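This report introduces a structure to a reader who has not met it before. It moves from the chain as a whole to its interior, and then to a few individual residues.

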Amino acid sequence: GATACRFFDADVANAITGFGQQTLRWTRDAFAEQGVRVLYGDTDSVFVEVAGRDEVEPLRQRAEARIAARIGREYRVESRLELEFDRYFDHFFLPRLRGGRGASHKRYAGWEDAQLVVVGLEAVRRDWPAVAARLQQGMLERAFTDRPVVPFVREVAEQVLAGECDAELVYTKRVRKASLDRYTATTPPHVQAARKLAEQGVRVGPVVRYVITATGPEPVVPGRALPPAIDRRHYLDRVLAPIADAILIELGESFDRLEGDVGDHA
């Protein structure tokens, strides 16, 4: 698909993508025809709900056979495709898109062999504050092991408001080369922080660390104290609330219901 490739051919590149998508749909159909609930499909994988591990291999074999038969009927060639079993989750969490319609793309968590597996969620993203990972991982671990989730959320929220975890509120963002001069109409927080560093005579590297304060983004410099007047309400509304609600909504709860109680205790 790259024009610089000596074998470049747009039609071939499109065909590869097209056949991949078709095969994924056929895989979904092969499971659905067996009465198996398909939870989610990715670029190269399908997530299905099974009653237990002993069902996996028979289902895989039957689905693979159905795909091979379909290829034989439609293209009159022998299938060389193999459907591979990847992993088995005892519990699985697939967050909804904001607004409640559909599932997020390449974002999920599972409980495998008593270990938490997180893909694409805030807990494994470097551009979110550390408190986001602590909250999300803690909530998922408790939900997957049938332990109370709400008290933990309330505890983290109270700690944030009380200033007990300011060091976990630092954002980390990459700054593209020469990007500081490109922003004119709007200026993202990390660029504002980077410009303040430059004004202080501090060399701006490829990564900028900052916190949100009452007066806006302020850079965080290793070895120096955190900037004063951190806007902890920002972190409650913009970091904790959306992460918590994605899980709480599945438990019939919401972060808004906890806020009054958090305010009373903080």
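Two residues are said to be in contact, or to touch, when heavy atoms of theirs lie within 4.5 Å. With that meaning, and leaving out residues up to four places away in sequence, Ala-193 touches Val-208, Tyr-210, Glu-218 and Pro-219. The model in which these contacts are found is a predicted one, and the values below are computed from it.

**The chain as a whole**

The secondary structure of the chain consists of seven helices and eight strands. Its radius of gyration is 24 Å, well over the 18 Å that the globule rule gives for 266 residues, so the chain is more spread out than a compact globule. Taken along the principal axes, the box filled by the C-alpha atoms is roughly 70 × 55 × 30 Å. Of the 266 residues, 35% are buried, and the chain exposes about 16,300 Å², of which carbon and sulfur atoms supply 48%. Among contacts with a separation of 6 or more, 50% are between residues 24 or more positions apart. The chain carries 38 positive and 40 negative charges, and the mean positions of these two groups are 7 Å apart.

**The nonpolar interior**

Which residues have the most contacts inside the largest nonpolar core? That core has 45 residues, and the ones with the most contacts inside it are Leu-135, Met-139, Tyr-235, Val-239, Leu-240 and Phe-255. At least two residues of this core are supplied by each of strand E4 (108–112), helix H3 (130–144), helix H4 (150–161), helix H5 (189–199), strand E7 (207–213), helix H6 (232–248) and helix H7 (255–265). Helix H6 gives the largest share of the core, namely nine residues. Phe-255, when its neighbours within four places in sequence are left aside, is in contact with Val-153, Ala-157, Leu-236, Leu-240, Ala-241, Ala-244, Asp-245 and Leu-248. Apart from this largest core lies another core, of eight residues, among them Trp-26, Val-36, Ala-63 and Ile-71.

**Individual residues**

Ala-193, whose contacts were given at the start, has its place in helix H5. Buried means under 20% relative accessible area, and Ala-193, at 0% relative accessibility, therefore counts as buried. Val-38, in contrast, has its place in strand E1 (residues 37–41), and at 28% relative accessibility it counts as partly exposed. Not counting residues up to four places away in sequence, Val-38 touches Arg-28, Phe-31, Ala-32, Val-46, Phe-47 and Val-48.

Two C-alpha pairs show how separation along the chain and separation in space are set side by side.

| Pair | Apart in sequence | C-alpha to C-alpha |
|---|---|---|
| Ala-193 and Arg-70 | 123 residues | 57 Å |
| Val-38 and Leu-121 | 83 residues | 21 Å |

Two further residues are picked out by their backbone angles. Arg-76 has a positive phi of about 55° although it is not a glycine, and it lies in the loop between helix H2 (56–75) and strand E3 (91–93). Is Arg-76 buried or exposed? At 77% relative accessibility, Arg-76 counts as exposed. Ala-114, likewise not a glycine, has a positive phi of about 65°, and Ala-114 is found in the loop between E4 and strand E5 (115–119).

How values were computed. Residues numbered from 1 in each chain as written. Predicted model: local features only at pLDDT ≥ 70, side-chain atom pairs only at ≥ 80, totals over all residues. Heavy atoms only, no water. Helix = DSSP H or I, 4+ residues; strand = E, 2+ residues; numbered from the N terminus. Rg over C-alpha atoms; globule rule 2.2 N^0.38 Å. Buried < 20%, exposed > 50% of the residue type's maximum accessible area, 1.4 Å probe, protein only. Areas by Shrake-Rupley, 256 points an atom, 1.4 Å probe, with all protein chains shown as cover. Lys, Arg positive; Asp, Glu negative; His and termini not counted. Charge placed at Lys NZ, Arg CZ, Asp CG, Glu CD. Core = buried A, V, L, I, M, F, W, Y, C linked by side-chain atoms within 4.5 Å.
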